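Colleague: I am new to this structure and would like to go through it slowly, one question at a time. Could you show it to me before we begin?

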Amino acid sequence: MNTIRRQLLVLGACLGLAACASIPLGTLWKLRGFDEQTLERLEPTDLRAAVALKPEADVLPDSVRLALELQRRDRPPERHAFGLEPGTGPGPLDRRLRYSVWQLDQAGLKALASVQRTMRAARAADEDAYTGATFSVNFRPDLGDAPPAALQVSVQLMLAPEDGWMLLIDEANIPVSR
C-alpha cells in the first residue's frame, strides 16, 4: 500500500508539473507554426515520447499515456488519452540522461487517427475552429522499496522525425513523499 501511495503522489506531481514548468525557447520556436492542419497531418506512427529520470528508475509500462487536449471556441475542451508502448528508433541525444522511448500502441494509433478525421470533418463542415492544443506525457515511475527524496524528470516529444525532439520538461525536481 505504501508503494502504491508513493507512486500515486509522484504521478500527481508529474501531472501537475506541466502546468508549473516553463517551456524552453527551442520548443516554442519549433511550435511557432503548429496549427490545426499540422495536427491533422501528423503521422501517428511517427509520434514518440521520451522520459528520463534521475536517479535512474524504470517507468511502469502500463502507466505511460500521451494526453491531448483540444480547445474550441465556446465549447468545453476535448480530452483524449492515447496508450504508449516501448518505442523504436533513436531517443534524444543527451549523454547525461538515459531516456526510455515510447510510441503509440495499436489502440492509440487508431484513436489518434479518429481524432484527426473528426478535426478534418469539423473544418470541412466549417464548424467552430479549434483554437489550441496541449500535449502532455503521463507516467508512473517504479521507485521500488527505497524511493529517493526527490526525482529529477525530463520529458521530450517528437511529432515528426524531420522536426526532431522537443524538450517539454527539463530536469524538473519533484519531491517524493514517503
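Modeller: Before we come to volumes, a cavity here is a set of grid points where a 1.4 Å probe fits but cannot get out, and its volume is the space filled by probe spheres set on those points. Please keep in mind throughout that this is a predicted model.

Colleague: How much space lies in the largest cavity?

Modeller: With a threshold of 30 Å³ or more, the count comes to one cavity. The space in the largest cavity is about 30 Å³.

Colleague: Which strands each supply at least two residues of the lining of the largest cavity?

Modeller: The lining is made up of L47, R48, A49, L66, L84, W102, L104 and L157, and by class it holds seven nonpolar residues, no polar ones and one charged residue. Since β1 runs over 48–54 and β5 over 99–104, R48 and A49 fall in the former while W102 and L104 fall in the latter. The strands that each give at least two residues to this lining are β1 and β5.

Colleague: Which strands are the edge strands of the sheet?

Modeller: Seven strands form an open sheet with antiparallel pairing, in the order β6-β3-β4-β5-β1-β8-β9. An edge strand pairs on one side only, and here the edge strands are β6 and β9.

Colleague: By how many degrees are neighbouring strands of this sheet turned against each other on average?

Modeller: The value is an average over neighbouring strands of the sheet, and it ignores their direction. On that basis the turn is 25 degrees.

Colleague: What is the bridge partner of Q71 in β6?

Modeller: Q71 lies within β3, which covers 65–72, and β3 pairs with β6 in the antiparallel sense over eight bridges. In β6, the partner of Q71 is G132.

Colleague: Which residues touch the most other members of the largest nonpolar core?

Modeller: This core has 37 residues, and the elements giving two or more residues to it include the helix α4 (106–124) as well as strands such as β4 (75–86) and β8 (150–158). A second, separate core of eight residues includes Y99, V101, M158 and L167. In the largest core, the residues touching the most other members are L53, L66, L68, L104, F135 and F139.

Colleague: Is P148 buried or exposed?

Modeller: P148 sits in the loop between β7 (141–142) and β8, and its C-alpha atom is separated by 6.7 Å from that of V176, 28 residues apart along the chain. Because its relative accessibility is 19% and the cut-off for burial is under 20%, P148 counts as buried.

Methods:
Residues numbered from 1 in each chain as written. Predicted model: local features only at pLDDT ≥ 70, side-chain atom pairs only at ≥ 80, totals over all residues. Heavy atoms only, no water. Core = buried A, V, L, I, M, F, W, Y, C linked by side-chain atoms within 4.5 Å. Buried < 20%, exposed > 50% of the residue type's maximum accessible area, 1.4 Å probe, protein only. Helix = DSSP H or I, 4+ residues; strand = E, 2+ residues; numbered from the N terminus. 1 Å grid on protein atoms, 1.4 Å probe; cavity = no way out; pocket = protein on both sides within 12 Å on 5 of 7 lines; lining within 4 Å. Nonpolar A, V, L, I, M, F, W, Y, C, P; charged D, E, K, R; others polar. Pairing = 2+ DSSP bridges. Axes fitted to C-alpha atoms, helices over the stretch in contact; angles between N-to-C directions.
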